[in-house]
Amino acid sequence: MTTGATVWLTGLPSAGKTTIAYELAGRLRAEGRRVEVLDGDEIREFLSAGLGFGRADRDTNVQRVGFVAELLARNGVTALVPVIAPYADSRDAVRKRHEENGTAYLEVHVATPVAVCSARDVKGLYAKQAAGELTGLTGVDDPYEEPVAPDLRLASQDQTVAESAAAVYALLSERGLA
């Protein structure tokens, strides 16, 4: 059986988490790896429908996706998880679940500055927040607790998507997970 792992990509909205995850997934699949991308937007639609964006609901969402990721990883799948997960204690609980089950877990901070994320504004969230149509935007008027000691920190604004994905791949390889 192939060793599975969870790669949790955390960062602000429009940081590049999902784009990097799909780039990496393509590379891993090309090598015959079993890979799933647990996209935060899809999780919100299908697994966490009905949850809001207050702290308790965000924590519930993170714990749900963390449970699914650990289950997949424990069964030989590389689970790539591009989810904001703004609170350190929520991410720590997911890491702990993985550790308790002996499942590999890597935290990747996609450390794109808010100004760059706002300029990218993939979903129009920053524009809506600036226009007063949206409140609770992570990193703007809602907290984002940056990881203190992630396994990898990416400055996506300074490298291509392929370079960012290659850096995550290198980490997986270094840890014997790719």
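## The largest pocket

In what follows, Ala, Val, Leu, Ile, Met, Phe, Trp, Tyr, Cys and Pro count as nonpolar, Asp, Glu, Lys and Arg count as charged, and the others, Gly among them, count as polar. With those groups in hand, welcome to this structure, which is a predicted model.

A good place to begin is the largest pocket, with a volume of about 710 Å³. Its lining is made up of 29 residues, and Pro 13, Asp 41, Ile 84, Lys 123 and Leu 125 are the ones that lie nearest the centre. Sorted by type, the lining holds 13 nonpolar, 9 polar and 7 charged residues. Helices contribute to it: α1 (17-30), α2 (40-46) and α3 (55-74) each supply at least two of the lining residues.

## A strand on the inside

Now let us turn to strand β4, which covers residues 105-110. Since 6 of its 6 residues are buried, β4 is largely enclosed by the rest of the structure. You can follow its side chains in two sets: Tyr 105, Glu 107 and His 109 point one way, while Leu 106, Val 108 and Val 110 point the other way. Both sets are buried.

Strand β4 also has partners. It runs parallel to strand β1 (residues 5-10), and 5 bridges join the two. In this pairing, Leu 106 of β4 is the bridge partner of Val 7. Strand β5 (residues 152-154) is likewise parallel to β4, joined to it by 3 bridges. Here Leu 152 in β5 stands opposite Val 108.

## Two nonpolar cores

In soluble globular proteins, nonpolar side chains tend to be buried together. In this model, the largest nonpolar core has 28 residues, and Val 7, Leu 24, Leu 80, Val 108 and Val 168 have the most contacts inside it. At least two residues of this core come from each of β1, α1, β2 (35-37), β4, β5 and α7 (161-174).

Leu 24 is a helpful residue to look at here. Setting aside its neighbours within four places in sequence, Leu 24 is in contact with Leu 80, Ala 165, Val 168, Tyr 169 and Leu 172. Apart from the largest core lies another one, of 12 residues, including Leu 38, Val 81, Ala 85 and Val 94.

## Two residues with positive phi

Ala 85 deserves a second look. You will find it in the loop between β3 (78-82) and α4 (88-100). Although Ala 85 is not a glycine, it has a positive phi of about 45 degrees. Ala 85 is buried, because its relative accessible area is 2% and buried means under 20%. Leaving out neighbours within four places in sequence, its contacts are Trp 8, Thr 10, Val 62, Arg 91 and Tyr 144. As for Phe 67, it is 18 residues from Ala 85 in sequence, and the C-alpha to C-alpha distance between them is 14 Å.

Asp 121 is another residue other than glycine with a positive phi, near 35 degrees. Its place is the loop between α5 (114-120) and α6 (125-130). Asp 121 counts as buried, with a relative accessibility of 14%.

Note on methods: Residues numbered from 1 in each chain as written. Predicted model: local features only at pLDDT ≥ 70, side-chain atom pairs only at ≥ 80, totals over all residues. Heavy atoms only, no water. 1 Å grid on protein atoms, 1.4 Å probe; cavity = no way out; pocket = protein on both sides within 12 Å on 5 of 7 lines; lining within 4 Å. Points joined across faces, edges and corners; volume = space filled by probe spheres on them. Helix = DSSP H or I, 4+ residues; strand = E, 2+ residues; numbered from the N terminus. Buried < 20%, exposed > 50% of the residue type's maximum accessible area, 1.4 Å probe, protein only. Pairing = 2+ DSSP bridges. Core = buried A, V, L, I, M, F, W, Y, C linked by side-chain atoms within 4.5 Å. Contact = heavy atoms within 4.5 Å.
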